[in-house]
Amino acid sequence: MSFGFLLVAFVAALNPCRARLVLPERRAAVALGALIALGTGAALAAVGGVFLDWLDVSPESFRLAAALVLGLEGARALLVARPAAEPELAGLGAALVPVAFPLLLTPGVVALAIAAGGDGVEAAAIGALAAALLLVLLTAALPRGTRADALLAAGGRLLGATEIAAGIALAVEALRDV
Amino acid sequence: MRRLLVPVAAFVLGALALRVAVVPAEVCPPVEARSVRSAAAEAAAWLERGARPGGLYTYGYDRKRDEVSGDYSITRHAGVMMALYRLAAEAGDARALASADHGLRFVRARLVRRDGWAAFTEPANDAGIGASALAVAALVHRRLATDDGSQDDLIRELARFLVAQQQPDGSVLGSWSPSTGRPVPGTYSKFGTGEALWALALVDRLLPGEGWDGPAKRLARYVATRRDDVEGYVLTFPDHWAAYGLAELGPSGLGEPEVAYARRLAGIFGLNSRLEAQSGEAGLRRVMRGEPASGAGLGTIGEGLAGLWRLSVADPRLGDLSYDLAERLRCTASRTARRQTDPGEAAGFPRPLLARGAWFSEDGYTQMDDQQHSLSGLLATLPVLVGGRG
């Protein structure tokens, strides 16, 4: 898994356009939530190899599982462009719920981080996740409105399709690897 | 916060579903060279005990019905000989050599000769290339085991049959018709193509300078670049014989297309090995992965991985695959050895000597190729277990 692939896959799995439609307007909570997501993603990538060993799963096989998760998640984003609003904790608690979970630590992000850890590309994964989260923060600063929301929904669908493509690419790689 | 339960539950249930359906544990018990040698010896003993009059071997046995099969296949006969000669060549096993020589009598009685070539076939039938190709492989291993050149002319005759079946694009037609006296157009043999590749590469190694390398390399190029399309395989066909053939041709005999094909082949065998390691005889593993691979299935995975491992050690262009191939090979060998019927288990069946050393399917049947492929796969794993790189 190259840095480029991980960047595209993390951006698609985080889907900043779709997330923007339901992220709280409290900037501090969003920024803190992104930090929590980065820390959790980094931890998952760091222990990914050990975790897969513990499960007796080869990295190549897990890549296939991650591909399936990306594909399903991408299909959901493609079909349901506007996600339902999530419950929020009060104050900075919103950084934890809903920002970090379930909006940023999506199944796709978790699976990708573990898969990257299993492949021994933890540093690239953490870098790509950080860049993708930065994009989420930038998108979160965009003003909302009818027109903007329509564009965000369209962008969410496009990123959903990208996530499916990333899943397919990952599956092909998993099938080719020994 | 009750609404949060929904994504949490979806996360947990999704993870559980993935674990059960997509990534169950790959069970690879530890394996030692000693246990692999012992399993190979037991498999060879099953084949040796099956020697029957006329140079035949026991074809199959149903332990539930206590029935010995009346079927026979000359291609599998040649495969059994090959595995036994190989054991003789690699381990100096005199009983295996004698048992394979027993089968050679059957081969010599079923040769059809035309235009300077010979085919191993049932006289009234079309001559398939697989039986002759495996007879070549058997005889080459006999030569390696004994240094006796008395069968060299037969090796050449059989190899000339394979060359006579070769088309201008490098492919080999699967059979020859005695009624028309010509190769049957448009017919390809699923395994015969790879078997012919291996046979021609082996003959070139045994008899260098006689021009066998040309047909072997043309066939390798066809297999690497066109076979899947021409013969109708959507994905790369997991051909363990082709893996043997590529390993035999070695780095100097392979161009970039063949190296790329070897890489694809390694991926398919790696996937098959991983999926096999996820299977089990009971519980959710049985439900999700179906019946575990037969002895022949396990053996061919091992053979394919071993051929490609050998090539990856010799060819720097594939060196990055050595470690993973060795790991999959160890896993497949350990599972192969564990699935074999041991003497204690065999004692519980009506004819213990037809059960001991065999690999049975769930319905209680075993066939000569279960033992043949497992024996070959286990033998091919030994270099990895006794200190091979990777």
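These are legends for a set of views of a predicted model with chains A and B.

**View 1. Chain A, start to finish, is a run of helices.**
Chain A has 8 helices and 0 strands, so there is no sheet to look for here. Reading from the N terminus, the order is simply α-α-α-α-α-α-α-α. The C-alpha atoms fit in a box of roughly 50 × 30 × 25 Å along the principal axes. For 178 residues, a compact globule would have a radius of gyration near 16 Å, and chain A agrees with its 16 Å. Buried residues account for 49% of the chain. If you take the chain A contacts between residues at least 6 apart in sequence, 90% of them link residues at least 24 apart.

**View 2. Helix 4 and helix 6 of chain A pack against each other.**
Here we zoom in on helix 4 (residues 59-79) and helix 6 (residues 107-118) of chain A, whose axes sit 9 Å apart at an angle of about 160 degrees. An angle over 145 degrees counts as roughly antiparallel, and that is therefore how helix 4 of chain A and helix 6 of chain A are arranged. The crossing is left-handed. On the helix 4 side, look for Pro59(A), Phe62(A), Arg63(A), Ala65(A), Ala66(A), Val69(A), Leu70(A) and Glu73(A). Helix 6 of chain A answers with Pro107(A), Gly108(A), Ala111(A), Leu112(A), Ile114(A), Ala115(A) and Gly118(A). By class, the contact of these two helices comes out as 11 nonpolar, 2 polar and 2 charged residues.

**View 3. Helix 5 of chain A holds two prolines that follow cis peptide bonds.**
Follow the backbone from Val97(A) to Pro98(A) and you cross a cis peptide bond with omega near 20 degrees. Pro98(A) belongs to helix 5 (residues 96-104) of chain A. Further along, Phe101(A) and Pro102(A) are also joined by a cis bond, with omega about 15 degrees. Pro102(A) sits in helix 5 of chain A as well.

**View 4. Asn15(A) and Asp56(A) have positive phi without being glycines.**
Asn15(A) has a phi near 45 degrees. You'll find Asn15(A) in the loop between helix 1 (3-14) and helix 2 (16-20) of chain A. With 33 other C-beta atoms within 10 Å, Asn15(A) is buried, because 20 or more is enough to count as buried. Asp56(A) has a phi of about 60 degrees, and its home is the loop between helix 3 (27-55) and helix 4 of chain A. Asp56(A) has 15 other C-beta atoms within 10 Å, which makes this residue partly exposed.

**View 5. Chain B mixes helices and strands.**
Swing over to chain B and you get 17 helices and 8 strands. Its radius of gyration is 22 Å, close to the 21 Å that the globule rule gives for 390 residues, so chain B is as compact as a globular protein of that length. The C-alpha atoms of chain B fill a box of roughly 85 × 50 × 45 Å along the principal axes. Of the 390 residues, 52% count as buried. Among chain B contacts between residues at least 6 apart in sequence, 71% bring together residues at least 24 apart.

**View 6. Helix 14 and helix 17 of chain B cross at an oblique angle.**
Helix 14 of chain B and helix 17 (residues 368-385) of chain B pack at about 135 degrees, axes 10 Å apart. That angle makes the pair oblique. Helix 14 of chain B passes helix 17 of chain B in a left-handed crossing. From helix 14 of chain B come Ala326(B), Leu329(B), Arg330(B), Thr332(B), Ala333(B), Thr336(B) and Ala337(B). They meet Ser374(B), Gly377(B), Leu378(B), Thr381(B) and Val384(B) of helix 17 of chain B. Sorted by class, this contact has 6 nonpolar, 5 polar and 1 charged residues.

**View 7. Chain B meets chain A.**
At this interface, 22 residues of chain B touch 18 residues of chain A. On the chain B side, helix 1 (5-21), helix 11 (256-278) and helix 14 (322-339) each bring at least two residues. Helix 11 of chain B gives the largest share, 6 residues. The chain B side divides into 13 nonpolar, 3 polar and 6 charged residues.

Methods
Residues are numbered from 1 along each chain as its sequence is written. Chains are lettered from A and ligands numbered from 1 in the order in which they are written. This is a predicted model: local features need pLDDT of at least 70, side-chain atom pairs count only at pLDDT 80 or more; totals for chains, interfaces and linings use all residues. Axes are lines fitted to C-alpha atoms, for helices over the stretch in contact, and angles run from 0 to 180 degrees between N-to-C directions. Helices (H or I, at least four residues) and strands (E, at least two) are DSSP runs, numbered from the N terminus. Angles under 35 degrees count as roughly parallel, over 145 as roughly antiparallel, 65 to 115 as roughly perpendicular and the rest as oblique. A crossing is left-handed if the near helix is turned anticlockwise from the far one by less than a right angle, and right-handed if clockwise. Two residues are in contact if their C-beta atoms, placed from the backbone, lie within 7 Å. Ala, Val, Leu, Ile, Met, Phe, Trp, Tyr, Cys and Pro count as nonpolar, Asp, Glu, Lys and Arg as charged, and the others, Gly among them, as polar. The radius of gyration is taken over C-alpha atoms; the globule rule is 2.2 Å times the number of residues to the power 0.38. A residue is buried if 20 or more other C-beta atoms lie within 10 Å of its own, exposed if 12 or fewer, and partly exposed in between; C-beta atoms are placed from the backbone.
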